[in-house]
Amino acid sequence: MRNGAHHRKRGHVDQAIEQVRADYDSVPYESHAFPQTAPGHLAAVTHLFGLDPPDVACARVLEIGCSAGGNVIPFAAWHPACHAVGLDLSAVQIDQGRRRIRALGLTNIELLQGDIASMDLAPLGTFDYIICHGVYSWVPENVQRAILSAFKRLLTPNGVAYISYNVYPGWKSKEIVRDAMLLRGGGMGTPQQKLSYARGMIDFLEEVAPADSILAKALSEHRALTANARDYYLLHEYLESFNTPCYFLKLASRVGEHGLVYLADAAPSTMFAVNYGDKIATPLLAECGHSQGLVEQYLDFVVNRTFRQSLLVHGEWGPRIQYKLDRTRFAGFHFAARTPSTGDPTRLDDSPQEYGEPGATIGTNDPGVKAALEVLAARWPWTISRRDLLDAVRERLDAAGVEPAADQQDRIDELLEQLIIRGLGRYRLEPMSADPPFTPLRLSEPGRRMAKAARADKHAYVVNPWHEEILLSAVDRHLLPLLDGTRDRDALVDTLLTSVRAGLLWFERDGRRLTGNAELRDAIAEHVDALSGRLIAMKLSGAGVSE
Ligand SMILES: C[S@@+](CC[C@H](N)C(=O)[O-])C[C@H]1O[C@@H](n2cnc3c(N)ncnc32)[C@H](O)[C@@H]1O
């Protein structure tokens, strides 16, 4: 390329990145935790399909396009032996994240402001897990290439990358709506003007779109999907200068050009044709069962998929990846599943019974399998290893005087495989548990710190060890930070009463704000007494653990 043309192209690229930076600086993206990106989950999925991922407990983790660190900061908080780095173009978002890191007192994480396409990555070192969520489709092509080449350069030999992106065919019809919104709102001055003009366009089109037309269908899907969407989301999803979906196979081939290979979906249940019913699975597997990529691309057409979350590894691992599950690998897993009996209490005989949640149940008439489902339900939300599960099943059968089947282990492995394939269970390479309850109540330090930091936030939440966001009530924002194991029930009530008297929170009954000492004490005590149940529901305390 001649020099002048090269400079013009470079200038154009810089301008595009500047535009993206300005968009996120002026309307920051709300920063959240995404359980499907948690390195513990990525490790488990990697192991499931035949590879050996890096140890999560001491991993180095990078998040590209981390916005204000809502995803990577809680990971660092729960994994003190790990080192985490977050990187984002927007200085406004990075500053917001740094304030949160200081509030949490974390020293194992740093947030860097920079452009992934032009910054010097060498000083960062290498990473066992690299996460890039909600970025790839929304950046210019040179940044897309930079993200994939950063994966290749920065991943440790057995490291795992996570990338999410918009896909066709689902985005074909969404593009009609986006194009219309951009046509009217794109050129407007302020973000609010853009949005308001774009909304006007949708209103207009809804009035005039012929019933049963493709446009009417696209608009009604848009309405349903964005009914509760906030402005920042609509702006960045529909009115950003870049939003470039692609077909899954296109992404897989681009990844190959960078020396990487597609390993799996972050929701593995979506990868198995059997989950879509025989009518779809049988012809699909007959036609393209030899190629997992093709099976998944066909499935994207079947379900009109709009979004994907893919795990990538170094290309050299390609031949080792196995899509037929190898049950011997289950020995390395710790499993969790919410599988209570849906009807009568378990009968350890060969009568049929059903377990699980509405719409996601497993039926069995095997007493050993019933016992396993009960053990998992009692343990939920925490995990049990396959070995301990087998032992617990044997104990339950023994206690009931029931002879285990000769192939009991195989039957339990078949159950575990079903839970995995259907997406009814969770599995990790590390045990997942929380502090067991004791008196006085205690919550682990990361949970206490997050709750305290949440007091200052508009959307106050903590992230639990499963990397799920839990919204906190105003009372819990004050109560959870107190659970350091030194305060008994009375001390908790006294401390909250002091906070009420200081005007930091209040209690109401029947719409009336409580002021008297006795009525306030009663109301606070109710909250304190219900606390251990709430901690279990939030997956912050291990009160359900039977050990
Ligand atoms: C849609 S937001 C997603 C944020 C977050 N990962 C999430 O999913 O909530 C995209 C983020 O990518 C960042 N970004 C865009 N271009 C970038 C670049 N060239 N280098 C680094 N970050 C970039 C933006 O600043 C923004 O925070």
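T107 sits in the loop between helix 4 (91-104) and strand 3 (109-113); helices here are DSSP runs of H or I with at least four residues, strands are runs of E with at least two, and both are numbered from the N terminus. With a relative accessibility of 76%, T107 counts as exposed, because exposed means over 50% relative accessible area, buried means under 20%, and partly exposed lies in between, all with a 1.4 Å probe and protein chains only. Its C-alpha atom is 8.9 Å from that of A76, although 31 residues separate T107 and A76 in sequence.

Before going further, a word on what you are looking at. This is a predicted model, in which local features need pLDDT of at least 70 and side-chain atom pairs count only at pLDDT 80 or more, while totals for chains, interfaces and linings use all residues. Residues are numbered from 1 along each chain as its sequence is written, and side-chain values use heavy atoms, with hydrogens and water left out.

Let us now turn to A84, which belongs to strand 2. Is A84 buried or exposed? A84 has a relative accessible area of 1%, so it is buried. The C-alpha atoms of A84 and Y129 lie 9.5 Å apart, with their positions 45 residues apart in sequence.

Strand 2 (83-88) also leads us to the ligand, since this strand and helix 1 (3-26) each supply at least two residues of the shell around the ligand. Which residues come nearest? Of the 20 residues around the ligand, these are G65, D88, Q93, D115 and H133; a residue is near a molecule if one of its heavy atoms lies within 4 Å of it. Sorted by class, the shell has ten nonpolar, seven polar and three charged residues. In this sorting, Ala, Val, Leu, Ile, Met, Phe, Trp, Tyr, Cys and Pro are nonpolar, Asp, Glu, Lys and Arg are charged, and the others, Gly among them, are polar.

How does the backbone meet the ligand? A backbone N or O atom of H133 lies 2.7 Å from a nitrogen atom of the ligand, and for G65 the corresponding distance to a ligand nitrogen is 2.8 Å. A polar backbone atom of I116 is 3.0 Å from a nitrogen atom of the ligand. A polar contact is a pair of N or O atoms within 3.5 Å. The protein covers 97% of the 590 Å² of accessible area that the ligand has on its own, with areas computed by the Shrake-Rupley method and a 1.4 Å probe. The ligand takes up the space of the largest pocket. A pocket is an open set of points on a 1 Å grid over the protein atoms alone, with protein on both sides within 12 Å along at least five of seven lines.

Next come two peptide bonds worth finding in the viewer. The bond from Y168 to P169 is cis, with omega near 10 degrees, and P169 is in the loop between strand 5 (155-166) and helix 6 (170-185). Another cis peptide bond joins W380 and P381, with omega about 10 degrees. P381 is placed in the loop between helix 13 (367-379) and strand 11 (384-385).

Helix 13 is also home to A371. A371 is buried, with a relative accessible area of 0%. From A371 to Y276, the C-alpha distance is 28 Å, and the two are 95 residues apart in sequence.

Two aspartates stand out by their backbone angles. D212 is not a glycine, yet its phi is positive, at about 70 degrees. You will find D212 in the loop between helix 7 (191-208) and helix 8 (214-226), where its 81% relative accessibility makes it exposed. D510, also not a glycine, has a positive phi of about 50 degrees. The loop that holds D510 runs between strand 15 (508-509) and strand 16 (512-513), and at 82% relative accessibility D510 counts as exposed.

Our last stop is E430, in the loop between strand 12 (425-428) and helix 16 (445-454). How exposed is E430? Its relative accessible area is 34%, so E430 is partly exposed. E430 and H41 are 389 residues apart along the chain, and their C-alpha atoms are separated by 9.9 Å.

Notes. Polar contact = N/O pair within 3.5 Å; in protein donor to acceptor, adjacent residues only side chain to side chain. 1 Å grid on protein atoms, 1.4 Å probe; cavity = no way out; pocket = protein on both sides within 12 Å on 5 of 7 lines; lining within 4 Å. Sits in = over half its atoms within 2 Å of the grid points.
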